[in-house]
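User: Could you take a close look at a single helix for me? After that, please carry on to the pockets and the ring contacts, with the reasoning spelled out where there is some.

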Amino acid sequence: MRYAIHFTPSPNDPLTQAAAAWLGRDVYSGRAVEPPGMIDLAMPDISYHTALPRRYGFHGTIKAPFRLAEGHSEASLLRDLMRFSGKQEPFVLPQLVVAKLENVFSLVPERPCDVLHFLAASVVQEFDRYRAPIGDAEIERANPERLSAAQLTNLYRWGSPHVMDEFRFQMTLTGSVEPVNYSRIERAVKTVFEPLLARPMPFANLALFIEDEPGAPFRVHSLHPMGRVSARRIA
């Protein structure tokens, strides 16, 4: 079983619903969702290009997936995440835009956000005691030969290469896209998501995601609102 601490909009947010249709799965309920009807892509095309983000669910990573360290429990993780979230001030993300990072399409903030970077670093540090040390297989999956010196240091110190100064917030919408398909996938992604991106996006909760068993899809276990000490269990 693995856990992760992420950002994802609330269940009824239009962006959550659009992402569920695009990815084919609701990250809260786990139910399959029909693909959007306004795009010129066949269902097998959508399914193929969204296979990886469908498994991980619609989110922006704050603390990457981890196994619980010996001596720690889910109950204590929940309690500490509830307390931590209640001490954080909600804020509004810079406008999200569709971007291609290497060969993956994602939603990213249009400009840097210092408060987001500070929060992400704080979460990584605060909850690192809950993280079991990574094993050789996890190191290998991170493709260490492709990492910079700073990213490799992060991998061994924090269990993920993309933290601290290497942190980059993105809400992934596709897996790897071949160059020949860039234009049509980009057109489809923009058709689905751009109409929803002009409005402010509040960053008002931290979500605990859970993978029940190796290879299982991640789901939202609980939302932990920022600015007040409470947590809402997702049925």
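Analyst: Happy to, starting with the yardstick: the expected span of a helix is 1.5 Å times one less than its number of residues. Please keep in mind that this is a predicted model. Helix H5 covers residues 114–126, and its 13 residues should therefore span 18 Å; the C-alpha atoms at its ends are 18 Å apart, in agreement with that expectation. Seven names make up its buried list: Leu116, Leu119, Ala120, Ala121, Ser122, Val123 and Val124. In reading such a list, it helps that an α-helix has 3.6 residues a turn, so residues three or four places apart point the same way.

Now for the pockets. The largest pocket holds about 1,800 Å³ of space. It is lined by 47 residues, and those closest to its centre are Leu52, Arg141, Ser160, Pro161 and His162. At least two lining residues come from each of strand E1 (2–7), helix H3 (51–56), strand E2 (60–66), helix H6 (136–141), helix H7 (149–158) and strand E6 (171–172). E2 gives the largest share, six residues. Sorted by class, this lining has 22 nonpolar, 15 polar and ten charged residues.

The second largest pocket has a volume of about 160 Å³. Of its 13 lining residues, Leu23, Gly24, Val33, Pro35 and Met43 lie nearest the centre. Helix H1 (14–23) and helix H2 (43–49) each contribute at least two residues to the lining of this second pocket, which divides into eight nonpolar, three polar and two charged residues.

Strands E1 and E2 come up again among the aromatic contacts. There are nine aromatic pairs in the structure. One of them joins Tyr3 and Phe66, whose ring centres are 6.4 Å apart with 35 degrees between the planes, a tilted arrangement. This pair bridges distant parts of the chain, with Tyr3 in E1 and Phe66 in E2, 63 residues apart. Tyr3 has a relative accessible area of 3%, so Tyr3 counts as buried. Phe66 is buried as well, because its relative accessible area is 1%.

E1 also takes part in a second pair. The ring centres of Phe7 and Phe203 lie 4.4 Å apart and their planes meet at 20 degrees, so this pair is stacked; the cut-off behind that label is an angle under 30 degrees. Because Phe7 belongs to E1 and Phe203 to strand E7 (residues 201–203), the contact ties together parts 196 residues apart in sequence. Phe7 and Phe203 are both buried, and together with Phe91 and Phe169 they form one aromatic cluster.

Charges meet rings here too. The charged end of Lys63 sits over the ring of Phe66, at 5.7 Å from the ring centre. Arg55 lies over the face of Tyr56, 4.8 Å from the centre of that ring.

One last stop is a loop. Pro217 is found between strand E8 (205–211) and strand E9 (219–225). Its relative accessibility is 40%, so Pro217 counts as partly exposed, given that the partly exposed class runs between the 20% and 50% limits. The C-alpha atom of Pro217 is 7.4 Å from that of Gly57, although 160 residues separate them along the chain.

Technical notes. Residues are numbered from 1 along each chain as its sequence is written. This is a predicted model: local features need pLDDT of at least 70, side-chain atom pairs count only at pLDDT 80 or more; totals for chains, interfaces and linings use all residues. Side-chain values use heavy atoms; hydrogens and water are left out. On a 1 Å grid over the protein atoms alone, a cavity is a set of points where a 1.4 Å probe fits but cannot get out, and a pocket is an open set with protein on both sides within 12 Å along at least five of seven lines; lining residues have an atom within 4 Å of a point. Grid points are joined across faces, edges and corners, and a volume is the space filled by probe spheres set on the points. Helices (H or I, at least four residues) and strands (E, at least two) are DSSP runs, numbered from the N terminus. Ala, Val, Leu, Ile, Met, Phe, Trp, Tyr, Cys and Pro count as nonpolar, Asp, Glu, Lys and Arg as charged, and the others, Gly among them, as polar. Buried means under 20% relative accessible area, exposed over 50%, partly exposed in between (1.4 Å probe, protein chains only). Rings of Phe, Tyr and Trp (its six-membered ring) pair if their centres lie within 6.5 Å; planes under 30 degrees apart count as stacked, over 60 as edge-to-face and the rest as tilted. A charge sits over a ring if NZ of Lys or CZ of Arg is within 6 Å of the ring centre and within 35 degrees of the ring normal.
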